[in-house]
Amino acid sequence: MKPIGNILIWLSTCAVLASATPDVRLKDIAQVYGARGNQLIGYGLVVGLEGTGDSKGTLFTTQSVANMLQRFGISVPAGQMKVKNIAAVIVTADLPPFAKEGSRIDVIVSSIGDARSLQGGTLLQTPLMGADGNVYAVAQGPISVGGFGASSGGSSQQKNHLTVGRIPAGAIVEREVPASVVKDNSVLITLNTPDFTTAARVASAIRQKFPQTLPRALDASTVRVDLSGEDREDVVTLIASLQEVTVQPDVPARVVINERTGTVVLGGNVTLSPAAVAHGNLTVRIEAKPQVSQPAPLSGGTTAITTRRDVKVTEQAERLTALPEAVTVDQLVKALNTLGVSPRDLMSILQALRAAGALHAEVEVQ
C-alpha cells in the first residue's frame, strides 16, 4: 500500500490548500456592477483546408457554399458540390465591457460538421451576434490550431485537438454595448463568490480607507459605495482605488471531489472529529478463454471453438483504523495517511466520514 501523501505527489491530482487565507485585492474577488462582458456567436465557413474539410454528406456545408456563391453571381446546385477544402464552423467570442468600435477581440472557431482538421484554413467574414440578435462584431482571418495531424496508408499521427482553432484579434467590434457603473449616485461591488462574512469584511476595509463613501453590505454578494461630491466627478479614479483595497475572504470548509480525474481538494478550514474507518477492496475479475469443442467419433458433429468465462470475486480483509481528531489540514492529511488508500478509495472514505458527522465540511462531487 502507498501512503496517501505519496499518491498525491505521483498522481499530481490531489491538492491541499493552506490553512491561512492571504489578503487579496478587491479586484480579484469582486467586480463592479454594470461592467460585464457579453457573449457573441456566429456561423461561418473555413476555406483553404488540405482535403480535411466536411464530406459531401454534410448538407448544411454544401448549401452554405452554394448560398455564398449565389451572392457572387455564381449558381451551382448544392447537391453537385464537393467541399473537402471547406468546413462549416461556429465562431464564438467574448465582447469585453467598454469595448469601442474598431477594437479587436479574439475568436474561437469550432467545426460542426465532420471535418478532420481546421489546420491551414481561413475563416471567411462572419458576423457575430449577441443574445438580442444584433451584430456587434465581424470575424475573419487565418486560424491557429496549435497542433498537427498527418495520415498515410491507414496510419495517422495527431497532436492536440485539430477541429477547434483560435484567431487572435480576429474580430473587429462594429457596435458598442452601452454600460454604466453608476446607479443612483453609488457604485455596487458584487462578489464573485457570495458570502456574508466576506461582504462584511469588504465594507469594513473600504470604510477604513474611504470613510466618505459610506460603504455597506446589502446582501451576501453586494456592497454599496456612495459617491461624494469629489468622487462623483472622477468615478474611474475612485473605482481604481477601491479595486486595490485588500481584504481577507472567508473560505468555507469544503471538500471537492472530481471522480472523472481522481482529483481531491481539501479546503483549509476542513476539520475531522475522532472516527474509526475500515475500508475493504472488492475485486471482480472476469477471464475469457477460448477452447475447442471436439465432437465424438461418428457423431456427425463438427469441431467448434467456444469461449469459457471464469468469474472470480476477491475481497481483501481490512482492519478497523482509528482516526484521531484533526483541527488543521496538516493533521487531517496525516490522519488520512494512516489508512494507506488510493485517491479513488479516499473519495468514498471522505463521503462516508461526512455522512457519519466526523468530517466537518461540505462535500462537492463534480
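**Exercise 1. Find the bridge partner of V187 in β14, then place both strands in their sheet.**

Step 1. V187 has V225 as its bridge partner in β14. Strands here are DSSP runs of E with at least two residues, and helices are runs of H or I with at least four, numbered from the N terminus.

Step 2. The model is predicted: local features need pLDDT of at least 70, side-chain atom pairs count only at pLDDT 80 or more, and totals for chains, interfaces and linings use all residues. Residues are numbered from 1 along each chain as its sequence is written, and side-chain values use heavy atoms, without hydrogens and water.

Step 3. β12 and β14 (residues 222–226) run antiparallel and are joined by 5 bridges. Two strands pair if DSSP finds at least two bridges between them.

Step 4. The open sheet has 4 strands in the order β3-β12-β14-β13, with antiparallel pairing. β3 and β13 (216–217) each have a single partner strand, so one side of each lacks a neighbour in the sheet.

**Exercise 2. Describe the lining of the second largest cavity.**

Step 1. The whole structure holds 2 cavities of 30 Å³ or more. A cavity is a set of points on a 1 Å grid over the protein atoms alone where a 1.4 Å probe fits but cannot get out; lining residues have an atom within 4 Å of a point. Points are joined across faces, edges and corners, and the volume is the space filled by probe spheres set on them.

Step 2. The second largest has a volume of about 60 Å³. Its lining includes V187, I189, I239 and L242.

Step 3. α2 (26–29), β3 (30–32), β12 (186–191) and α6 (235–243) each supply at least two lining residues.

**Exercise 3. Identify the residues with the most contacts inside the largest nonpolar core.**

Step 1. A nonpolar core is a set of buried Ala, Val, Leu, Ile, Met, Phe, Trp, Tyr and Cys residues joined through side-chain atoms within 4.5 Å. Buried means under 20% relative accessible area (1.4 Å probe, protein chains only).

Step 2. This core has 25 residues, and V91, I105, V107, V109, L123 and L128 have the most contacts inside it. Its largest share, 5 residues, comes from β5.

Step 3. A second, separate core has 23 residues, among them I189 and I239.

**Exercise 4. Is I257 buried or exposed?**

Step 1. I257 lies in strand β16 (residues 254–258). I257 is buried, at a relative accessible area of 0%.

Step 2. The C-alpha atoms of I257 and V365 are separated by 4.8 Å, though the residues are 108 apart along the chain.

Conventions. Buried means under 20% relative accessible area, exposed over 50%, partly exposed in between (1.4 Å probe, protein chains only). On a 1 Å grid over the protein atoms alone, a cavity is a set of points where a 1.4 Å probe fits but cannot get out, and a pocket is an open set with protein on both sides within 12 Å along at least five of seven lines; lining residues have an atom within 4 Å of a point.
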